[in-house]
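Reader: I should be grateful for a close look at a single part of this model, followed by an account of the spaces enclosed elsewhere in the fold.

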Amino acid sequence: MTLSHREETACQAVSDVLSRVGDKWTVLVVELLDDGPKRFNELRRLIGNISQKMLTTTLRGLERDGLVTRTVYPTIPPRVDYELTELGRGLRAPVKTLAIWARENIGRINEARAKFDAS
């Protein structure tokens with residue numbers, strides 16, 4: 001079965017969006033920004049096991065895609081806040097649903113992995 005140009009375009013759009021929002025760090029950042037703006041170091045502390053470089057890369061990607069805004073305040077040292085945009089706030093519900101599903105099912109997934117790996 002071959003896809004029409006329209007179907008190929010739709011698949012590419014889904015793939016492009018999922019490559020951003022399907023990233024584990026993106027899910028965590030969006031979830032943490034759900035209740036309002038956060039500073040870089042606050043995000044890093046709350047996430048825990050993310051490197052500075054990876055958090056910077058994730059935030060830049062979210063900013064590029066229009067999901068997050070970055071506000072720099074002219075203080076010494078400079079203060080930078082990250083906040084979800086209107087588009088980013090629209091992502092909160094599906095991300096929250098995915099995060100809840102993951103937390104509820106990680107035990108079953110780990111059991112399935114162990115069973116598969118043992119066979």
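Reader: In which element is the place of Arg 39? Please also set out which residues line the largest cavity.

Author: The model is a predicted one. Arg 39 belongs to strand β1, which covers residues 38-39. Its relative accessibility is 40%, so Arg 39 counts as partly exposed; the class in question lies between the limits of 20% for buried and 50% for exposed. Leaving aside residues up to four places away in sequence, Arg 39 touches Pro 78, Arg 79, Val 80 and Asp 81. Gly 88 is 49 residues from Arg 39 in sequence, and their C-alpha atoms are 17 Å apart in space.

The second part of the request concerns empty space. Rolling a probe the size of a water molecule over the atoms shows where such space is left. Over the whole structure, the search returns 1 cavity of 30 Å³ or more, and the largest cavity holds about 40 Å³. Its lining consists of Val 30, Glu 31, Asp 34, Arg 92, Val 95 and Lys 96. Of these residues, 4 are charged and 2 nonpolar, with no polar ones. Helices α2 (24-32) and α6 (92-118) each give at least two residues to this lining, and α6 provides the largest share, with 3 residues.

Helix α6 merits a description of its own. Its 27 residues span 37 Å from the first C-alpha to the last, close to the 39 Å expected at 1.5 Å a residue. A bend of about 55° occurs in α6 at Asn 105. Asn 105 is also buried, as are Val 95 and Ala 99 in the same helix. Because an α-helix has 3.6 residues a turn, residues three or four places apart point the same way. The cover over the buried residues of α6 includes α2.

These two helices also appear at the largest pocket, where α2 and α6 each supply at least two lining residues. The volume of the largest pocket is about 160 Å³. Its lining is made up of Lys 24, Val 27, Leu 28, Glu 31, Leu 98, Ala 99, Ala 102 and Arg 103. Here 5 residues are nonpolar, 3 are charged and none is polar. Glu 31 lines both the largest cavity and the largest pocket. Among the buried residues of α6, Val 95 lines the largest cavity, whereas Ala 99 lines the largest pocket.

Terms used
Residues numbered from 1 in each chain as written. Predicted model: local features only at pLDDT ≥ 70, side-chain atom pairs only at ≥ 80, totals over all residues. Heavy atoms only, no water. 1 Å grid on protein atoms, 1.4 Å probe; cavity = no way out; pocket = protein on both sides within 12 Å on 5 of 7 lines; lining within 4 Å. Points joined across faces, edges and corners; volume = space filled by probe spheres on them. Helix = DSSP H or I, 4+ residues; strand = E, 2+ residues; numbered from the N terminus. Nonpolar A, V, L, I, M, F, W, Y, C, P; charged D, E, K, R; others polar. Expected span 1.5 Å × (residues − 1). Bend = angle between axes of the 7 residues up to and from the residue. Buried < 20%, exposed > 50% of the residue type's maximum accessible area, 1.4 Å probe, protein only. Contact = heavy atoms within 4.5 Å.
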